[in-house]
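Welcome, and thanks for opening the viewer. Let's take a walk through the model together, one selection at a time.

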2 protein chains.
Amino acid sequence: MKQRRESDNTSSVTIHEVAKHAGVSSMTVSRVINKNVPVREKLRTKVLESIKALNYIPNIAARSTRSGDSGIRIGILYSHPSASYLNEIMLGGLEQASKLGTQVLLEKCGGLQSQKTAVSRLVEAGVDGVILPPPLCDSAPTVQMLTREGIPVLALATARPLPMVSAVRIDDFEGALALTRHLTKLGHKRIGFIKGDPSHTPTEVRYEGFLQGLDEADLPLLDDLVVQGMFTYKSGLEAGRKLLDREDRPTAIFASNDDMAAGVMAVAHGMGIHIPEQLSICGFDDTPVASTIWPQLTTVHQPIVAMGKSAIATIVEKIKEARTSGQMGKPKRQLMKFTLMDRESTGPAPHRD
Amino acid sequence: MKQRRESDNTSSVTIHEVAKHAGVSSMTVSRVINKNVPVREKLRTKVLESIKALNYIPNIAARSTRSGDSGIRIGILYSHPSASYLNEIMLGGLEQASKLGTQVLLEKCGGLQSQKTAVSRLVEAGVDGVILPPPLCDSAPTVQMLTREGIPVLALATARPLPMVSAVRIDDFEGALALTRHLTKLGHKRIGFIKGDPSHTPTEVRYEGFLQGLDEADLPLLDDLVVQGMFTYKSGLEAGRKLLDREDRPTAIFASNDDMAAGVMAVAHGMGIHIPEQLSICGFDDTPVASTIWPQLTTVHQPIVAMGKSAIATIVEKIKEARTSGQMGKPKRQLMKFTLMDRESTGPAPHRD
DNA sequence: CTTGATCATGATATCGATATCAGATATTGT
DNA sequence: ACAATATCTGATATCGATATCATGATCAAG
């Protein structure tokens, strides 16, 4: 058993103890940690050694009091609490917020009317910025109400950010294109497509990416094989039935999100269609369900947790910028990298009889 | 447009401004907020009014520096990152941690060997307490390593907490019993059961709850209708096939968790079995998938987010207690309330032909 | 070798809240 | 009405870190 902490109950090591141990002032330690200001190599090394020796970890709470990130309040306004991405957004967001010592207020809302009251509740609470996850990220009225109050807004995972709002997102077009290329390279020529909820911006953009992918492979668009969905499992079920219940069914189906892909897969299972030997299926988003179901889904991974983090960091930056300059600058747009997750639900196109 | 903040860029209202506005000292304001110490009614009212007038929200970062919650480091050691409950645990945990100004270290590990190194990394980092989500919550070696170092451990969502560890959990037995009663009340007499991974403690306890439920309804246990699963979707698929591919298939299936229930449902869809008219299915945990799939799953809701919060709060309490008394006291055990989510996947037993 | 500029370091004030203790006020008993 | 408590309230120190400014060290150029 190794001895930890000699005699104190108080456990945590402070910057001052590190400073004493290294024979420098606490400011030097602070500078070493924060890397912004140069510190002579000799001292830096000594400090780093002391930090290791004492297992020093900075106290973020204390840090944020002085550094001005503290006292910032960020609202997150969401409308679809069950959506699985919300958890992950929150996860990244809260982690980042706790790192920055920033406070986060959650506000839930439903219809347009309740959006109004939710927004005014946030304004009352004095939030300095608001993050809008989908589908609210595309709600012009909400954005307007907020910007009219002079509150910076950040849209998360929208496909087409409204003017004036900052955004953290992936390129839905490129994602859909990559996925479509993946299918065409596997030799698929009859590819079904399930659209998402028409009121969400990614719906159209993903469809456009799909079209581009067909075009690149010199494949015609088969109108019959494009069906409307709503981003829900149930709509995937129905769309799947429509697509698979026909003589000349597609050899691959591109569902605009994972939930619908899971629905299609359930239908396929039900019809005894083997995946991926007889049918390839792919989704979009890489939500938990994608790796839960069997076979695991080929899909486009959105780095949601990282996006949540980035969202907080970005809006904090905007807020500080606004405080300094006294006016709202240009919105910041950030495009994150997506990843094509090539898993087990897609394979070479079956030979035609 | 209403004016927020007269002229300052600095936005956030401090306790001192409230104090000035109310004509009292900041300590009085602090006391009103924290309610621990009585404040004369007259002042309290004035203070509360000022708080409202100024939209004051306490700065948690600042609070935690002085109050001693700060500087506490809590490790969360997890081994199964994809599990959907993990997100939610983290969600609750991080929220609470940020409220308390407590720092959280995440450590991931796989097999037993990597558990050792993960634990020592946490110890090196000087964590004051460790939270173990499932399935690590039942790992005796991990718990031993930690307690030997004098570090309090809290097991989250275990069915049978090891001695010496604190725990936040629901009563898996009662949950399974409630679910079974629900099925028997609906008239089901042939009920299939899918067990979970034998190495997880809830597996057995839920099974026992099921047995008790049968017993209460004077139903015999039908051995053929109990099949082994592994808590995964895929194992649910296989178990579902076994249970439904027989002449005298059950009229209801109790899967030990939601993922397996989803698998069963996929099989049922595939066989053209209508749910819930011809077959009732229920799961356990109320993970996101339960409300994603169609029809939505009847299941037992574990208040995971709240449990994550409570876990942080509880272990912080333990840590402070240990710091004060200088020794590890008795473990704290907390039983949360579960909720039976009666949704669409269960219905009255079909008439026998 | 000195001067002036540049760079690194440290002393001190500060962030926003709470702990602590002393002083002020109200309450009680006689 | 007065002393003795019991209750409130406020002044000040403090938490752990960083911002700021002043000072000491270092270096290039003359």
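How many salt bridges does a search of the whole structure find over all chains? The search gives 28. Keep in mind on the way that this is a predicted model.

**Stop 1: the whole of chain A**

Start by showing chain A as a cartoon. You should see 13 helices and 12 strands. Along its principal axes, the C-alpha atoms of the chain fill a box of roughly 80 × 55 × 35 Å. Chain A has 353 residues, and 55% of them count as buried. If you switch on a surface, about 15700 Å² of chain A is exposed, with carbon and sulfur atoms supplying 52% of that area. Among contacts in chain A with a separation of 6 or more, 74% are between residues 24 or more positions apart.

**Stop 2: an open sheet**

Now select strands 7, 6, 8 and 9 of chain A. These four strands form an open sheet in that order, 7-6-8-9, and the pairing is parallel. Strand 7 and strand 9 (280–282) are the edge strands, each pairing on one side only. From one strand to the next, the twist averages 15°.

Zoom in on strand 6, residues 191–195 of chain A, which pairs with strand 8 of chain A over four bridges in the parallel sense. Which residue stands opposite A:Phe254 in strand 8 of chain A? Show the side chains and you will find A:Phe193 there.

**Stop 3: helices on the sheet**

Add helix 9 of chain A to your selection. This helix packs on the sheet and touches strand 6, strand 7 and strand 8 of chain A. The direction of helix 9 makes about 165° with that of strand 6 of chain A. Next, add helix 10 of chain A, which lies across strand 6, strand 7 and strand 8 of chain A. Helix 10 runs at about 150° to strand 7 of chain A.

**Stop 4: a salt bridge between loops**

Select A:Arg246 and A:Asp224, whose side chains meet in a salt bridge at 3.6 Å, N to O. The pair links distant parts of the chain, 22 residues apart. A:Arg246 sits in the loop between helix 10 (233–244) and strand 8 (252–255) of chain A, while A:Asp224 sits in the loop between helix 9 (201–216) and strand 7 (226–228) of chain A. Is A:Asp224 buried or exposed? A:Asp224 counts as exposed because its relative accessibility is 52%, whereas A:Arg246, at 24%, counts as partly exposed.

**Stop 5: over to chain B**

Select B:Asp224 and B:Arg246, which form a salt bridge with their closest N and O atoms 3.6 Å apart. Then move to B:Arg343 and B:Asp286, another salt bridge, where the closest N and O atoms are 2.4 Å apart. B:Arg343 lies in the segment after strand 12 (339–341) of chain B and B:Asp286 in the loop between strand 9 (280–282) and helix 12 (288–292) of chain B, so this pair ties together parts 57 residues apart in sequence. B:Arg343 counts as buried at 19% relative accessibility, and B:Asp286 counts as buried at 14%.

Return to chain A for a network: salt bridges that share partners join A:Arg190, A:Asp224, A:Arg246 and A:Asp248.

**Last stop: helix 13**

Finish with helix 13 of chain A, residues 304–325. Its 22 residues reach 31 Å from the first C-alpha to the last, close to the 32 Å expected at 1.5 Å a residue. Just after helix 13, select A:Gly326, which takes a positive phi of about 80°.

Key
Residues are numbered from 1 along each chain as its sequence is written. Chains are lettered from A and ligands numbered from 1 in the order in which they are written. This is a predicted model: local features need pLDDT of at least 70, side-chain atom pairs count only at pLDDT 80 or more; totals for chains, interfaces and linings use all residues. Side-chain values use heavy atoms; hydrogens and water are left out. A salt bridge is a side-chain nitrogen of Lys or Arg within 4 Å of a carboxyl oxygen of Asp or Glu. Helices (H or I, at least four residues) and strands (E, at least two) are DSSP runs, numbered from the N terminus. Buried means under 20% relative accessible area, exposed over 50%, partly exposed in between (1.4 Å probe, protein chains only). Two strands pair if DSSP finds at least two bridges between them. Axes are lines fitted to C-alpha atoms, for helices over the stretch in contact, and angles run from 0 to 180 degrees between N-to-C directions. Contact means heavy atoms within 4.5 Å. The expected span of a helix is 1.5 Å times one less than its number of residues. Accessible areas come from the Shrake-Rupley method with a 1.4 Å probe; for residues, only the protein chains shown count as cover.
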